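Visitor: Please take a close look at one part of this model, the nonpolar core. Which residues sit at its centre of contacts, and which elements supply it?

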Amino acid sequence: MNLRRFLSEVLGWHRAVSGRQPTAAERSEFARQWREVKRDPRGFRVISKPRFDAGSHPEGFYDFEQEFAATQVARARPRAILDIGSYRGFLTGLAAGYDLTTLDVRERSPRFEREKVLTGDARSLPLPDGSVECLIALCAIEHFGLGRYGDPFDLDGDVRACREMVRVLRPGGLLVASLPFTRGPATLAFNSHRIYDRERIDALFAGLRLRDHAYVSLRTGLCTLDQVEDRPGKWSVFCGAWAKDGPPASQERVEQ
Ligand SMILES: C[S@@+](CC[C@H](N)C(=O)[O-])C[C@H]1O[C@@H](n2cnc3c(N)ncnc32)[C@H](O)[C@@H]1O
């Protein structure tokens, strides 16, 4: 094969394939199958749309943080959940089983009967002190105040929102959050997100007790602290479950 033909074939594949590029063996097998498909597409109109997704299932950090959050919620057995910074992607599986309130600066409509949607800014929650049994904020706090999602610019947006979350959490309540995390210097990747160091995370949730936590690498999933990113601009995920001192709401319900 001459160079021009080789480049046109490789670049042609590169443009045509969405997702992983095929190996040479996959390309030639596809070509053979394609001829067969065109001979008899069983009555379908046929177009070429190559994709190669064989191998193990891909896993994203969100798989691990959702698992972390779901485990914490199952342990606490709340009656209701408040999800902050939520387009509800992470909570779809839980939404059917709980009274769910979501709060996000961007508007959307509820989909479940037991779902209430609040549109607003996490820096000022329209809820009384100590009124929330279980609060979740996954991959959300790091964006507050950066304007990326149309909220007002406020460099302390994350700090103010966390203060609000701690205020509305009831004694005995549970707060589950995930944030970009580094062992290097805390970084503001404006206007996408903040990347926190441990000191800042502890300061955000001052007044609560860290009950459980996990680290997630974007490359390998659950990881140890020494595998957490320290390269500039790179991040892993800190998943935390914090409690406000007091008897758990589920225990109070049993005693009533
Ligand atoms: C990366 S998404 C988080 C994913 C989300 N937890 C979910 O349910 O799938 C960040 C969310 O935070 C929201 N957001 C950004 N700034 C906000 C603010 N100041 N107050 C409330 N929500 C905000 C965005 O609209 C967006 O939906």
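Guide: Here is the core, followed by two parts of the chain for context. The model is predicted: local features need pLDDT of at least 70, side-chain atom pairs count only at pLDDT 80 or more, and totals for chains, interfaces and linings use all residues. Residues are numbered from 1 along each chain as its sequence is written.

The chain holds 7 helices and 10 strands (DSSP runs, numbered from the N terminus: helices are H or I, at least four residues; strands are E, at least two). Of its 256 residues, 30% are buried (20 or more other C-beta atoms within 10 Å of a residue's own; exposed means 12 or fewer, partly exposed in between; C-beta atoms are placed from the backbone).

The largest nonpolar core has 47 residues (buried Ala, Val, Leu, Ile, Met, Phe, Trp, Tyr and Cys joined through C-beta atoms within 7 Å). I84, L135, A137, I141, M165, L175 and F181 have the most contacts inside it. At least two core residues come from each of α3, β1, β2, β4, α5, β5, β8 and β10. β5 gives the largest share, 7 residues. Beyond four places in sequence, L175 is in contact with L135, M165, L169, L208 and W242 (C-beta atoms, placed from the backbone, within 7 Å).

Now the contrast. Helix α2 (residues 24–39) is hardly covered, with 0 buried among its 16 residues. D129 lies in the loop between β3 and β4. D129 is exposed, because 10 other C-beta atoms lie within 10 Å. Leaving out residues up to four places away, D129 touches R167 and V168.

Definitions and conventions. Two residues are in contact if their C-beta atoms, placed from the backbone, lie within 7 Å.
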